[in-house]
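Please follow the chain from one aromatic side chain into the interior and then out to the surface, keeping in mind that the model is a predicted one.

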Amino acid sequence: MSQPSGGPLARLIGPGTTRLGPAEIAVSLAGALVGIAAVHAVSTAILGPEAALFMVASMGAAAVLLFGVPHGALSQPWPAIGGQVVSAAVGVTAAMWVPDPALAAGVAVGGAIAAMQIARCIHPPGGATALIAVIGGPEVHALGYAYIVAPVLLNTLILFAVAVVANYPFAWRRYPIGLAPPAQDLPAPPLDRDDLAEAVRDLHVVVDITPDELDTLARRAVARAAGDPGMSLPVGRRRVEAETGEGLTIRKRHGEGDDASGQVTLNVVDREEEDHRR
C-alpha cells in the first residue's frame, strides 16, 4: 500500500476526514440533536436519570456514525442495529455469569467484538453498549436480558428512524445507502489518486477509508476485474485511442439484467506496453 503524501509526521498521524461544507454540518448537527434528545427521554423513562447517562453515551457514539458518516459501512442498518443487539446480549451474559467486575467488563467488550465480527455487524458503539451492561449499576442489572429490547433496541431504532428522515431530503446523503439515487450510467476515463480523492470530496460525505487505501482498492478491483488478481495495473492519467484497441476496458454493472442500477467503466493501460510505445 502506498504511503500517505507529506513528511514523516503527516504519515504518522494520517489524513484528516473529508472537509465538509456548512450545510452538511448543519444536517448532521440537527439530526444528532433530535435523535439524542429522543434517546435521552426514552432512557430516562425506562432506567431513571442516572442509568440513562450510560445509555445516552453509547447512543451518542452511534449518532456520530449515523449522522456524521451516513454512508460508512459501519453505519448501515445491519451493523447499526445488529451490532447493538449482539453486543447487548454479550454484555448482559457477561454481567450475569462473570462475578469479577473487571473481568466481566473485559469479557463483555472482547466478546462483543468477536460476536460482531462473526455476525458481520461491526459497530464500534456496540463495545460501549456491552460495557454498560456490566457497569451500568443496579437499574441496568435489574433489567437482565430485557436490556437488549429496551432501552438498547428501542433507542437504536429511534436513532435509525431519525437518521432516515433527517438525511432523506438530501439526495447525496440519503440513509441507508440503499436509498441513494442509482449511479449514472456514465463511463469513466483513466483514474489516478487525485481523481479518487476529489470524487470523495464531491460526494459531500465522510468516507471511512483513507485516500491511499481507496487508491489501492481501485487498483485491486481493476486487476480482479481483468481476471488476474495478482497483476499490478496502473490507475493513472494515460490516454488510449479507442480505435487502437490497446489497453483494457472493463465494464462492471451493479445488479443483473433490468435490475442493473449503474455501470462503471475503467480504461486501464499496461505500464510496460505504454513505455514500449514511447
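Phe-160 has a relative accessible area of 21%, and because buried is reserved for values under 20%, this residue counts as partly exposed. Tyr-175, by contrast, is buried, with a relative accessible area of 0%. A search of the whole predicted structure finds 2 aromatic pairs. In one of them, the ring centres of Phe-160 and Tyr-175 lie 5.7 Å apart and the ring planes meet at 70 degrees, so the arrangement is edge-to-face. The two partners are 15 residues apart and link distant parts of the chain, since Phe-160 belongs to helix 8 whereas Tyr-175 sits in the loop between helix 8 and helix 9 (193-202).

Both aromatic residues are also touched by Leu-66, whose other contacts beyond four places in sequence include Ser-75, Ala-80, His-123 and Leu-159. Leu-66 leads into the largest nonpolar core, which has 26 residues, and is among those that touch the most other members, together with Val-39, Met-55, Phe-67, Tyr-147 and Leu-159. Two or more residues of this core come from each of helix 2 (22-47), helix 3 (49-68), helix 4 (77-97), helix 6 (125-135) and helix 8 (146-167), and helix 3 contributes the most, with 9 residues. A second, separate core consists of 8 residues, among them Ala-94, Val-98, Ala-108 and Ala-112.

In soluble globular proteins, nonpolar side chains tend to be buried together. On the surface, however, Leu-9, Leu-12 and Ile-13 form a nonpolar patch with about 380 Å² of accessible area together. Leu-9, which lies in helix 1 (residues 8-13), counts as exposed because its relative accessibility is 59%.

How values were computed: Residues are numbered from 1 along each chain as its sequence is written. This is a predicted model: local features need pLDDT of at least 70, side-chain atom pairs count only at pLDDT 80 or more; totals for chains, interfaces and linings use all residues. Side-chain values use heavy atoms; hydrogens and water are left out. Patches are made of residues with over 30% relative accessible area and no salt bridge: like charges are joined within 9 Å, nonpolar side chains (Val, Leu, Ile, Met, Phe, Trp, Tyr) within 5 Å. Accessible areas come from the Shrake-Rupley method with a 1.4 Å probe; for residues, only the protein chains shown count as cover. A salt bridge is a side-chain nitrogen of Lys or Arg within 4 Å of a carboxyl oxygen of Asp or Glu. Helices (H or I, at least four residues) and strands (E, at least two) are DSSP runs, numbered from the N terminus. Buried means under 20% relative accessible area, exposed over 50%, partly exposed in between (1.4 Å probe, protein chains only). A nonpolar core is a set of buried Ala, Val, Leu, Ile, Met, Phe, Trp, Tyr and Cys residues joined through side-chain atoms within 4.5 Å. Contact means heavy atoms within 4.5 Å. Rings of Phe, Tyr and Trp (its six-membered ring) pair if their centres lie within 6.5 Å; planes under 30 degrees apart count as stacked, over 60 as edge-to-face and the rest as tilted.
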